[in-house]
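Dear colleague,

Please find the structure below, together with its sequence. I should be grateful if you would keep it open while reading the notes that come after it.

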Amino acid sequence: MTKAVVLLSGGLDSATVLAKARADGYACHCLSVDYGQRSQAELDAARKVAKALGAAEHRVVALDLQAFGGSALTDRAIAIPTGGPKAGVIPVTYVPARNTLFLALALAWSEVLGAQDLFFGANSVDYSGYPDCRPEFMQAFETLANLATRAGIEGRRTRLHTPLLRLGKHDIIGLGVQLGVDYAMTVSCYQASDLGEACGQCDACRLRRAGFVAAGIADPTRYR
Ligand code: ZN
């Protein structure tokens, strides 16, 4: 089987991407990043999802972004917004350069594994306006990946797969249900409890809940 590195946060989108990569026949080496995020429950969720969906391997790599802070997810002094998204404003839940860092880690591991395929659950439709979720960013990263690595120079090109990039949240949920994802295992909330219970108020909760409603599928999220 062809090896792929799949970034797995423990949330709804990345679980769907893992299911898609498995359905496409890849042996999936899943990478989660413990970056000092508020919700450690998402890492527990990632472990469960990796196991349930037949990952070949799952690793959790530590990257201390609390050292910089600058985001409501990495600095507890900054409150998580709960009033809904504001048009044209990048919310304080944006973590500076996070997707660049995560993809760089995935790229590093892929080169060691001899994998040429990276899977990433970014979404540019139902998202919070983060600059590193846009299609232009994904294209630029793929270009960088092939300039930055020995594999790229030696002709083993890296492909960045973002199968959810242009899907609405309800389409993502529909796809995942078809592929057998149990969304009860996943945690999307920015401030989930240690048990993985969601707040129901943050942007991640709002997008997720609206997705289940639009998909006409019962929301299995545990709310506190
Ligand atoms: Zn929440």
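The notes below describe the sheet, the nonpolar cores and two individual residues.

Please bear in mind throughout that this is a predicted model.

The sheet

Five strands make up an open sheet, and their order is β3-β2-β1-β4-β5. The pairing in this sheet is parallel. At the edges stand β3 (57–62) and β5 (159–161); each has a single partner strand, so one side of each is left without a neighbour in the sheet. On average, neighbouring strands are turned by 25 degrees against each other, with direction ignored.

The individual pairings can be followed from β1 outwards. Five bridges join β1 to β2, and the two strands run parallel. Within this pair, Val6 has Cys30 of β2 as its bridge partner. The connection between the two strands can also be described: β1, helix α1 (residues 12–23) and β2 make a β-α-β unit, which is right-handed. β1 also pairs with strand β4 (residues 117–119), in the parallel sense and over three bridges. Here the bridge partner of Ala4 is Asp117 in β4. β4 in turn pairs with β5, again in the parallel sense over three bridges, and Phe119 has His161 of β5 as its bridge partner.

The nonpolar cores

β1 is mostly covered, as four of its five residues are buried. The largest nonpolar core has 39 residues, of which Val5 and Cys202 touch the most other members. At least two residues of this core are supplied by each of β1 (3–7), β2 (27–34), α2 (41–52), α3 (98–113), α4 (135–148) and α7 (203–215). The largest share, six residues, comes from α3.

A second core, separate from this one, contains 24 residues; among them are Val6, Tyr26, Cys30 and Leu53. Val6 and Cys30, members of this second core, are the bridge partners mentioned above for β1 and β2. In general, the side chains of a regular strand alternate between the two faces of the sheet.

Leaving out residues up to four places away in sequence, Val5 touches His29, Leu31, Ala106, Trp109, Ser110, Leu113, Ala115, Asp117, Leu118 and Phe119.

Two individual residues

His29, one of the residues touched by Val5, lies in strand β2. Is this residue buried or exposed? The relative accessible area of His29 is 9%, and a residue counts as buried under 20%, so His29 is buried. Its side chain makes a polar contact with the side chain of Glu57, at 2.8 Å. Residues up to four places away in sequence again being left out, His29 touches Lys3, Ala4, Val5, Val6, Ala56, Glu57, Trp109 and Leu113.

Gly168 is located in the loop between β5 and α6 (169–178). With a relative accessibility of 6%, Gly168 also counts as buried. Beyond its neighbours within four places in sequence, Gly168 is in contact with Val125 and Asp126. Where does Gly168 stand with respect to Arg59? The two are 109 residues apart in sequence, and their C-alpha atoms are 29 Å apart in space.

With kind regards

Key:
Residues are numbered from 1 along each chain as its sequence is written. This is a predicted model: local features need pLDDT of at least 70, side-chain atom pairs count only at pLDDT 80 or more; totals for chains, interfaces and linings use all residues. Side-chain values use heavy atoms; hydrogens and water are left out. A nonpolar core is a set of buried Ala, Val, Leu, Ile, Met, Phe, Trp, Tyr and Cys residues joined through side-chain atoms within 4.5 Å. Buried means under 20% relative accessible area, exposed over 50%, partly exposed in between (1.4 Å probe, protein chains only). Contact means heavy atoms within 4.5 Å. Two strands pair if DSSP finds at least two bridges between them. A crossover is right-handed if, with the strands pointing away from the viewer, the path from the first strand over the helix to the second runs clockwise. Axes are lines fitted to C-alpha atoms, for helices over the stretch in contact, and angles run from 0 to 180 degrees between N-to-C directions. A polar contact is a pair of N or O atoms within 3.5 Å; within protein, one must be able to donate a hydrogen and the other to accept it, and residues adjacent in sequence count only if both atoms are side-chain atoms.
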